[in-house]
Amino acid sequence: MVFGFGGGVLTSWAMRILIVGGALADRCALQGVVAPLGCEVECVTAVTEIAESDIEAFDVVLAVGADPLSGVSGFSRRVMVLSPSREEQAVLGALERGINQYLSLPVEPCRLRRKLRPTR
């Protein structure tokens, strides 16, 4: 939990993370990995389940594979793709679409938490 001043009052800020795609078990496992960071987490099967304007409320979008992000053109939020594919074309394609980071699965939980640490 990070604390800051909002209008002269001490307020708490928790990073909001949207987990998209993958199997239910994958989303639950990721939720457990980020829980020690004190994050607010929401999980959906595909990004189309949420209005694009609502995606802006999240600090980070964690996508399991690239498919859950199809249909969304650009991202103004930090987006990380976690995928079993290590093919250069898959990585380059994701980065060209505005993805900030591409992590190959399996990923070590402590490495993922380090990459998600808030920078505010």
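The protein has 4 helices and 7 strands, here seen in a predicted model. Walking along the sequence, the order of these elements reads β-β-β-α-β-α-β-β-α-β-α. Of the contacts with a separation of 6 or more, 45% join residues 24 or more positions apart.

Now for the inside and the outside. The chain runs to 120 residues, and 35% of them count as buried. Its accessible surface adds up to about 6800 Å², with carbon and sulfur atoms supplying 53% of that.

In soluble globular proteins, nonpolar side chains tend to be buried together. In this model, the largest nonpolar core takes in 17 residues, and Ile17, Leu62, Leu112 and Leu116 have the most contacts inside it. Two or more residues apiece come from strand S3 (16-21), helix H1 (24-34), strand S5 (60-64), strand S6 (78-83) and helix H4 (109-116). There is also a second, separate core, made up of 14 residues, with Val44, Ile50, Ala63 and Tyr102 among them.

Ile17 deserves its own mention. Leaving aside residues up to four places away in sequence, Ile17 touches Val34, Cys39, Glu40, Val41, Glu42, Phe58, Val60, Leu62 and Leu116. Two of the residues on that list, Leu62 and Leu116, are also named with Ile17 for having the most contacts within the largest core.

As for the rings, the count of aromatic pairs comes to 0. Phe58, one of the residues touched by Ile17, does have a charged partner: Arg16 sits over the face of the Phe58 ring, 4.5 Å from its centre.

Key:
Residues are numbered from 1 along each chain as its sequence is written. This is a predicted model: local features need pLDDT of at least 70, side-chain atom pairs count only at pLDDT 80 or more; totals for chains, interfaces and linings use all residues. Side-chain values use heavy atoms; hydrogens and water are left out. Buried means under 20% relative accessible area, exposed over 50%, partly exposed in between (1.4 Å probe, protein chains only). Contact means heavy atoms within 4.5 Å. Accessible areas come from the Shrake-Rupley method with a 1.4 Å probe; for residues, only the protein chains shown count as cover. Rings of Phe, Tyr and Trp (its six-membered ring) pair if their centres lie within 6.5 Å; planes under 30 degrees apart count as stacked, over 60 as edge-to-face and the rest as tilted. A charge sits over a ring if NZ of Lys or CZ of Arg is within 6 Å of the ring centre and within 35 degrees of the ring normal. A nonpolar core is a set of buried Ala, Val, Leu, Ile, Met, Phe, Trp, Tyr and Cys residues joined through side-chain atoms within 4.5 Å.
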